[in-house]
Amino acid sequence: MLRPLRFQYCPGLRIPATALDMGSCTKHQIFMKKMNALKITLCSPRGFCAGVDRAIQIVERALEKYGPPVYVRHEIVHNRFVVEGLRKKGAVFVEELAEIPPTDAPVIFSAHGVARSVPADAQKRNMFVLDATCPLVSKVHVEAQRLSRQGHHIVLIGHKGHPEVVGTMGQLPDGAISLVETEEDARRFLPRGDGGLAFVTQTTLSLDDTARIIAILTERFPDIRSTPKEDICYATTNRQAAVKEVAPGVDAMVVVGAPNSSNSMRLVEVAERSGCPNAVLVQRAADIDWSRFEGITSLGITAGASAPETLVEEIIAAFAARFDISVTSHVTARENIVFNVPRELRT
Ligand code: SF4
């Protein structure tokens, strides 16, 4: 579905030309005529998901209600711009609870979730905790525990070291859960014990890679159980689906996001595998390597689930300063999911 959104920027002033009296901007109009045309297609949905939106709201509301500082364990979401914005408002980011001095201030767990040992440690330290774990990550935790209680050894499909994986592995005792990252891992995996097997997945994986890993596990272990509903979340699914449709028709694809954002990195891979020869992860407009975009006439833009729309706008403006752009939106799904903040923050 294509929705025209044509707008034009004055390259000299870098503001939308609709805001200018073009009659007084002749010089730039002449320059604009010389710029190469660039058709930008915005993938939709893109950017913030309900889990990220909730996590940021939790920090902001905690700052409003309790005043600074509020402590946040790990980057609340994987985006430097968001983290810096919250830091300026009074959020203090730490990697471990031990870094936090004795305090009554709220301690917030990030959207990626934490191992069970972390809330237990916070309780020992008498901390006031607000949990910003995305409810869709918590759902995977609950499922892993349920399947384990039923006697299954759990296979977690995910990326080693990602905080969500650390949190999900940490829902179960050592030895009760094994990590499988690749198809090769799935081929080599040897179950422990005589009980059944079940798998859960990280929420932000490539749908296609994960399907291949699951196919190998299912072929090797036909009785392997899984959760009733797909663990890869709606936001990951929708953003990848939009990129799959746009990528084959553009010369380049910009994914706005951070290198430590799993879902953003997957969008780059999905774009490449869907036939886009030039997929680039970009954090800010200032980071763009313009040599990657020389001679292009069409560009797709998407954003990972932790990248705010303001960064997409910044990047469009940067292209508008160099090309005569027209912008359309390619919509593959509408999202209306909202997650409530914890009860303590609702008033
Ligand atoms: S990407 Fe999915 S799992 Fe992660 S915070 Fe967003 S909705 Fe939740």
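Setting aside its neighbours within four places in sequence, which residues is Tyr66 in contact with? In this predicted model, the partners of Tyr66 turn out to be Ala105 and Pro106. Tyr66 itself sits in helix H2. As for how open its surroundings are, Tyr66 has 17 C-beta neighbours inside 10 Å, so it counts as partly exposed; a residue needs 20 or more to be called buried, and 12 or fewer to be called exposed. For a sense of scale, take Tyr66 and Val270: they are 204 residues apart in sequence, and their C-alpha atoms lie 42 Å apart in space.

Stepping back to the whole protein chain, the domain assignment splits it into three pieces. Domain 1 is made of two stretches, 2-48 and 234-331, while domain 2 covers 50-134 and domain 3 covers 136-226. Where domain 1 meets domain 2, the contact draws 10 residues from domain 1 and eight residues from domain 2. On the domain 1 side of that contact, six residues are nonpolar and four are polar, with no charged ones.

Helix H2 comes up again at the ligand. There are 15 residues around the ligand, and those that come nearest are Cys49, Gly51, Cys134, Thr203 and Cys233. Three helices each give two or more residues to this shell: H2 (50-66), H5 (135-149) and H9 (234-246). H2 makes the largest contribution, with three residues. In terms of character, the shell around the ligand has 10 nonpolar and five polar residues, and no charged residue is found there.

Helix H5, one of the helices at the ligand, also leads to a sheet. Four strands make up this open sheet, in the order S10-S9-S11-S12, and their pairing is parallel. Strands S10 (177-180) and S12 (225-226) stand at its edges; each has a single partner strand, so one side of each has no neighbour in the sheet. Strand S9 (residues 153-157) is joined to S10 by four bridges, again in the parallel sense. Across this pair, Ile154 stands opposite Ile177 of S10. H5 packs on the sheet and touches S9, S10, S11 (197-201) and S12. The direction of H5 makes an angle of about 175° with that of S11.

Definitions and conventions: Residues numbered from 1 in each chain as written. Predicted model: local features only at pLDDT ≥ 70, side-chain atom pairs only at ≥ 80, totals over all residues. Domains from an automatic or database assignment. Contact = placed C-beta atoms within 7 Å. Nonpolar A, V, L, I, M, F, W, Y, C, P; charged D, E, K, R; others polar. Near = placed C-beta within 6 Å. Pairing = 2+ DSSP bridges. Axes fitted to C-alpha atoms, helices over the stretch in contact; angles between N-to-C directions.
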